[in-house]
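Biologist: I am new to this one. Can you show it to me, and may I ask about it piece by piece?

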Amino acid sequence: MTQNLPTPASPLKIGTRGSPLALAQAYETRRRLMAAFDLPEQAFEVVVITTSGDRIQDRPLKEVGGKGLFTKEIEEDMLSAKIDIAVHSMKDMPVEQPEGLLLDTYLPREDVRDAFVSPKLKRLADLAEGATVGTSSLRRRAQLLNKRPDLNIVEFRGNVQTRLKKLADGVAEATFLAMAGLNRMGYDDVAQSPIEVDEMLPAVAQGAIGIERRADDMRVADMLAAIHDVETGQRLAAERAFLAALDGSCQTPIGGLAVLEGDTIWLRGEILRPDGSECLTDEDRSPIKDAADMGRTVAERLRARAGEGFFDWT
């Protein structure tokens with residue numbers, strides 16, 4: 001292994017999107033690899049890749065292709081060996097990888113909760129009747145309308161900085177961001193309050209960073225094994241199996257969270273009609289080794305209860 005480590009002359013190339021949050025996640029990955037193998041920063045090169053999702057900011061994701069818009073160009077560069085690994089926010093990742101790529105390394109999970117963000121208000125409950133709220137998330141939109149059908153929901157695409165500017169410009173009275181992203185960027189003063197998971201179940205894999213690699217690159221596989229967080233992998237096995245069985249795209253409002261309890265894993269999941277008019281929930285516990293099977297079982301039960309047309313927008 002020692003002779004195969006990257007060097008400043010032949011650095012490991014880390015692919016990432018160019019947003020401040022994406023870069024923070026790439027830098028965290030680099031720091032962990034540096035520490036694990038006692039390597040200098042120069043042994044790694046962070047390569048910024050602009051994706052289709054970054055270029056399209058004026059339309060909802062469901063209209064232009066869903067989650068894959070944030071990975072397509074990055075994965076193409078990895079398959080052509082322009083980069084060695086790619087760092088992703090796991091909540092943005094499709095459940096299926098292109099042939100030849102593997103996503104099997106996760107960093108320790110951050111705070112899974114959503115954050116309530118507003119220039120004037122402290123809590124979700126403080127929103128007046130008919131208040132305008134900005135979000136680009138179908139899950140958050142449906143969850144909000146399920147609890148507060150009076151709210152006016154407007155589209156809020158863009159990175160954290162773009163959304164905060166829209167908020168400052170008065171486009172909406174409040175928005176929602178992931179606590180994990182705010183924490184990773186050191187934005188300690190942005191969230192007015194975290195929203196507990198009992199009130200708003202997070203997106204599947206929210207708060208987790210995943211590292212993708214070529215399936216046949218064993219040098220990289222050996223390096224990534226040194227920084228893989230086993231508990232996060234166990235939790236995501238349940239959550240992503242649940243998502244895959246339901247439709248792992250950006251076109252369905254789905255929430256899910258798995259928690260370890262000793263030798264068992266507890267999964268809560270929910271699906272919502274896009275207009276928020278109905279929310280179906282289910283949960284289960286299983287041995288950790290059966291996490292993926294449990295995720296599929298919970299999804300199948302919800303799908304059976306939902307019936308045909310549950311996710312239709314019409």
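**Sheets, helices and a pocket**

Modeller: Keep in mind that the model is predicted. Start with strand 12 and strand 13, which pair in the antiparallel sense over nine bridges.

Biologist: Which residue of strand 13 stands opposite Leu267?

Modeller: Strand 12 and strand 13 form a hairpin, with six residues between them. Gly276 sits in the turn and has a positive phi of about 80°. Across the pair, the residue opposite Leu267 is Asp284.

Biologist: Which strands stand at the edges of the sheet with the order 7-6-8-5-9?

Modeller: This sheet is open, has five strands and mixes its pairing. An edge strand here has a single partner strand, so one side of it is left without a neighbour in the sheet. From one strand to the next, the twist averages 30°. The edges are strand 7 (152-154) and strand 9 (193-195).

Biologist: Which residue in strand 7 is opposite Val133?

Modeller: Strand 6 (residues 132-134) pairs with strand 7 in the parallel sense. Three bridges hold that pairing. Opposite Val133 stands Ile153.

Biologist: What angle does the direction of helix 6 make with that of strand 8?

Modeller: Helix 6 (residues 160-168) packs on the sheet. It touches strand 5 (114-117) and strand 8 (174-178). Its direction and that of strand 8 make about 165°.

Biologist: Which are the edge strands in the sheet of order 2-1-3-10-4?

Modeller: That order belongs to an open sheet of five strands with mixed pairing. An edge strand pairs on one side only. The two are strand 2 (44-48) and strand 4 (101-106).

Biologist: What is the bridge partner of Ile85 in strand 10?

Modeller: Strand 3 (residues 85-89) and strand 10 (residues 209-214) run antiparallel. Five bridges join them. Ile85 has as its partner Arg213.

Biologist: At what angle does helix 1 run to strand 2?

Modeller: Helix 1 (residues 20-37) lies across strand 1 (12-16), strand 2, strand 3 and strand 10. With strand 2, the angle is about 165°.

Biologist: Is the crossing of helix 9 and helix 10 left-handed or right-handed?

Modeller: Helix 9 (residues 230-246) packs against helix 10 (residues 291-306) at an angle of about 35°. Their axes are 7 Å apart. The crossing is right-handed.

Biologist: How many residues of the contact of helix 9 with helix 10 are nonpolar?

Modeller: From helix 9 come residues including Ala237, Ala241 and Phe242. They meet residues of helix 10, among them Met294, Val298 and Leu302. Two residues of the contact are polar and two are charged. The nonpolar ones number 12.

Biologist: Which residues lie closest to the centre of the second largest pocket?

Modeller: About 230 Å³ of space lies in the second largest pocket. Its lining has 16 residues. The closest to the centre are Val197, Asp198, Leu201, Glu270 and Thr281.

Biologist: How many charged residues does that lining have?

Modeller: Helix 5 (138-147), strand 12 (264-272) and strand 13 (279-287) each supply at least two lining residues. By class, five of the lining residues are nonpolar and four are polar. The charged residues number seven.

Note on methods. Residues are numbered from 1 along each chain as its sequence is written. This is a predicted model: local features need pLDDT of at least 70, side-chain atom pairs count only at pLDDT 80 or more; totals for chains, interfaces and linings use all residues. Side-chain values use heavy atoms; hydrogens and water are left out. On a 1 Å grid over the protein atoms alone, a cavity is a set of points where a 1.4 Å probe fits but cannot get out, and a pocket is an open set with protein on both sides within 12 Å along at least five of seven lines; lining residues have an atom within 4 Å of a point. Grid points are joined across faces, edges and corners, and a volume is the space filled by probe spheres set on the points. Helices (H or I, at least four residues) and strands (E, at least two) are DSSP runs, numbered from the N terminus. Ala, Val, Leu, Ile, Met, Phe, Trp, Tyr, Cys and Pro count as nonpolar, Asp, Glu, Lys and Arg as charged, and the others, Gly among them, as polar. Two strands pair if DSSP finds at least two bridges between them. Contact means heavy atoms within 4.5 Å. Axes are lines fitted to C-alpha atoms, for helices over the stretch in contact, and angles run from 0 to 180 degrees between N-to-C directions. A crossing is left-handed if the near helix is turned anticlockwise from the far one by less than a right angle, and right-handed if clockwise.
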